[in-house]
Amino acid sequence: MRAAVLEEFGQPLVVQQVDLEEPRAGEVLVRLEACGVCHTDMYTASGADPSGYAPAVLGHEGCGIVERVGEGVMLVRPGDRVVTLFSPQCGECVHCLSPRTNLCMAIREEQNKGHLPDGTTRLARGGEEIRHFMGTSTFAEYTVMPEIALAVVTPDAPADRACVFACGLSTGLGAAMNTAGVEPGSTCVVFGAGLVGLGAVAGCRLQGAERIVCVDLSQERLDLATGQGATDVLEGGAGTVERILEMTGGFGADYTFEATGNVNVMRQAVEAARMGWGLCTVAGVAGKGETLDIVPRLLITGRRVAGSSFGGVKGRDQVPQLVERYLNGEIDVDPLISHKLELDEVNRGFELMEAQDGIRSVITFA
Ligand SMILES: NC(=O)c1ccc[n+]([C@@H]2O[C@H](COP(=O)([O-])OP(=O)(O)OC[C@H]3O[C@@H](n4cnc5c(N)ncnc54)[C@H](O)[C@@H]3O)[C@@H](O)[C@H]2O)c1
Ligand SMILES: [Zn+2]
Ligand SMILES: [Zn+2]
C-alpha cells in the first residue's frame with residue numbers, strides 16, 4: 001500500500017510503497033477514506049517532540065471502512081465505518097471503569113513506542129520495521145489497529161467530515177461537555193479559535209451557555225467562532241484579562257478554555273476565570289519543559305484548573321454520539337474543513353497549517 005513515511009525529522013514526509021501485514025488477534029484492517037492533518041503530526045515530523053521516532057507512518061485523524069478482522073475481534077465487523085482513536089477505550093481497565101477519566105491504560109506503553117499492543121509492528125519496508133504513530137498511522141491507504149481503538153459511527157456520516165472527530169473537534173467539544181461540564185446559562189471564554197477552540201465554542205453552545213466569548217489573534221478565525229455560537233469575540237493580547245473582567249462585572253467567567261498551547265495564554269485563561277467557582281480547562285499542549293505560572297491566591301479564592309486530553313471523551317462510546325449530533329445539525333462541521341488534499345499532497349497540508357490557511361486540511365482516498 002501507499003503511505004506517507006516520516007524518514008528524517010525536519011524533512012518532508014515521503015509517500016511510498018510499504019508493506020502492511022494482516023491483522024492479528026484483536027486487530028482490525030481498516031481501509032482509510034479520509035484523514036485530517038493535525039498539529040501533532042507536524043510537531044512530530046519537525047523533530048520538536050523528543051519522544052518522536054522514525055521511520056514511522058504519521059496521521060491520526062482517520063475515518064475508514066473495516067476491511068478484515070483478526071481472531072477474536074468482537075467490537076467491529078467488516079463494512080463498518082470507523083473513526084480511529086489515538087485514545088482507545090478497552091472498557092475494562094481501572095480508568096475505563098471510572099466515569100471520571102478517558103485515559104485508558106490498556107495499550108499505552110507499546111503505543112508510545114510505536115508498536116501495536118503485542119510489542120511488534122505490522123508496517124515494514126523490505127524487511128525493515130516501520131513504526132506506527134499514535135497507534136493509528138492513518139496517512140496511508142490502510143492501517144492495522146487494535147479493535148479497542150476504533151469507534152463505529154453511522155454509515156451515513158461522510159468520512160471527510162467524521163474524521164475530524166478523531167482528534168481536534170472532539171477535544172474541544174469534550175472539554176466543554178465532559179471536562180468542564182458547562183452549565184446552562186453560564187458565561188464562557190475560549191482562548192484560541194483553531195479546531196480545538198472552535199469545538200469548545202460549539203460545546204459551550206450545546207451545553208446552553210448564555211455568553212460565549214472567543215479570543216484569537218485572527219479576525220477570520222473569530223468570524224468562524226461566531227458561526228459556532230460565540231456571542232462576543234475579542235482580539236487577544238496583553239489586555240485580554242482586563243477586558244474580560246470588564247465584560248463580566250469585574251468577576252471573570254464561570255468557565256474558561258485554553259486551546260492555543262501557549263503557556264502565557266493558559267495563565268490568562270486562569271486569571272479570567274471567576275473568583276469563587278471559575279473553572280479553567282487547559283486543552284493546549286505546551287512545549288516540552290514549559291511551565292504554567294499562576295499566583296496561588298487565585299486558587300485559594302476559588303478558581304480551579306483542569307486539564308483535558310481528547311476532551312475527556314471515551315472514544316468508542318462518545319465519538320459515535322458526537323457524530324450523530326453533527327448529522328442532526330447540532331454541530332456545523334463544514335466551515336472547519338478548508339482544503340481537500342490527496343495523500344501525495346500531505347506536505348502541503350503541513351504548509352497550509354503553518355500559514356494558518358484554513359482550520360483543517362483533509363486528505364481523501366479514492
Ligand atoms: N488535549 C488534547 O487532547 C489535544 C488534542 C488536539 C490538539 N491539542 C492542542 O490544542 C491546541 C490547539 O489546537 P488547534 O488544532 O486548535 O491549533 P491551532 O493552531 O489551529 O489554533 C490555535 C489558535 O490559537 C490562537 N492564538 C495564538 N496565540 C493566541 C493568543 N495570544 N491569544 C488568543 N489566541 C491565540 C491562534 O491564532 C490559533 O487560531 C494545540 O496546542 C494542540 O496541540 C490538544
Ligand atoms: Zn490531533
Ligand atoms: Zn481501558
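Start with the cysteines that hold the zinc ion called ligand 3: along the chain, its donors follow the spacing C-x2-C-x2-C-x7-C. Keep in mind that this is a predicted model. The four residues behind that pattern are C90, C93, C96 and C104, each using its SG atom, and they coordinate the zinc ion (ligand 3) at 2.3 to 2.4 Å. Look at how those four donor atoms are arranged and you'll find angles of 105 to 119 degrees, which makes the site tetrahedral. What about cover from the protein? Residues count as buried when their relative accessible area is under 20%. C90 has a relative accessibility of 16%, so it counts as buried. C93 has a relative accessible area of 14%, so it is buried too.

Now move over to the other zinc ion, ligand 2. Here the protein donors are C38 (SG), H60 (NE2) and C167 (SG), and they lie 2.1 to 2.2 Å from the metal. In sequence, these donor residues are spaced C-x21-H-x106-C. Try finding the two cysteines on the chain: C38 sits in the loop between β4 (27-36) and α1 (39-46), while C167 sits in the loop between α3 (159-162) and α4 (168-179). Because of where they lie, the pair ties together parts that are 129 residues apart in sequence. Are these two cysteines buried or exposed? C38 has just 5% relative accessibility, so it counts as buried. For C167 the value is 9%, so that residue counts as buried as well.

That leaves ligand 1. It is surrounded by 24 residues, and the closest are D216, R221, A283, S308 and F310. If you sort this shell by class, you get 11 nonpolar, 10 polar and three charged residues.

Which polar atoms of the protein do oxygen atoms of ligand 1 come close to? One case involves a side chain: an N or O atom of H39 is 3.1 Å from an oxygen atom of the ligand. With V285 it's the backbone that takes part, as a polar atom there is 3.0 Å from an oxygen atom of ligand 1. F310, already listed among the closest residues, also uses its backbone, with a polar atom 2.7 Å from a ligand oxygen. As for cover, ligand 1 has 860 Å² of accessible area on its own, and the protein covers 86% of it. If you want to trace the shell back to helices and strands, the elements that give two or more residues to it are α5 (195-206) and β14 (211-216).

Methods. Residues numbered from 1 in each chain as written. Chains lettered and ligands numbered in written order. Predicted model: local features only at pLDDT ≥ 70, side-chain atom pairs only at ≥ 80, totals over all residues. Heavy atoms only, no water. Near = heavy atom within 4 Å. Polar contact = N/O pair within 3.5 Å; in protein donor to acceptor, adjacent residues only side chain to side chain. Areas by Shrake-Rupley, 256 points an atom, 1.4 Å probe, with all protein chains shown as cover. Helix = DSSP H or I, 4+ residues; strand = E, 2+ residues; numbered from the N terminus. Nonpolar A, V, L, I, M, F, W, Y, C, P; charged D, E, K, R; others polar. Donors = N, O, S within 2.8 Å, 3.2 Å for Na, K, Ca; no water. Tetrahedral: all angles 85-135°; square planar, octahedral: opposite > 155°, others 65-115°. Buried < 20%, exposed > 50% of the residue type's maximum accessible area, 1.4 Å probe, protein only.
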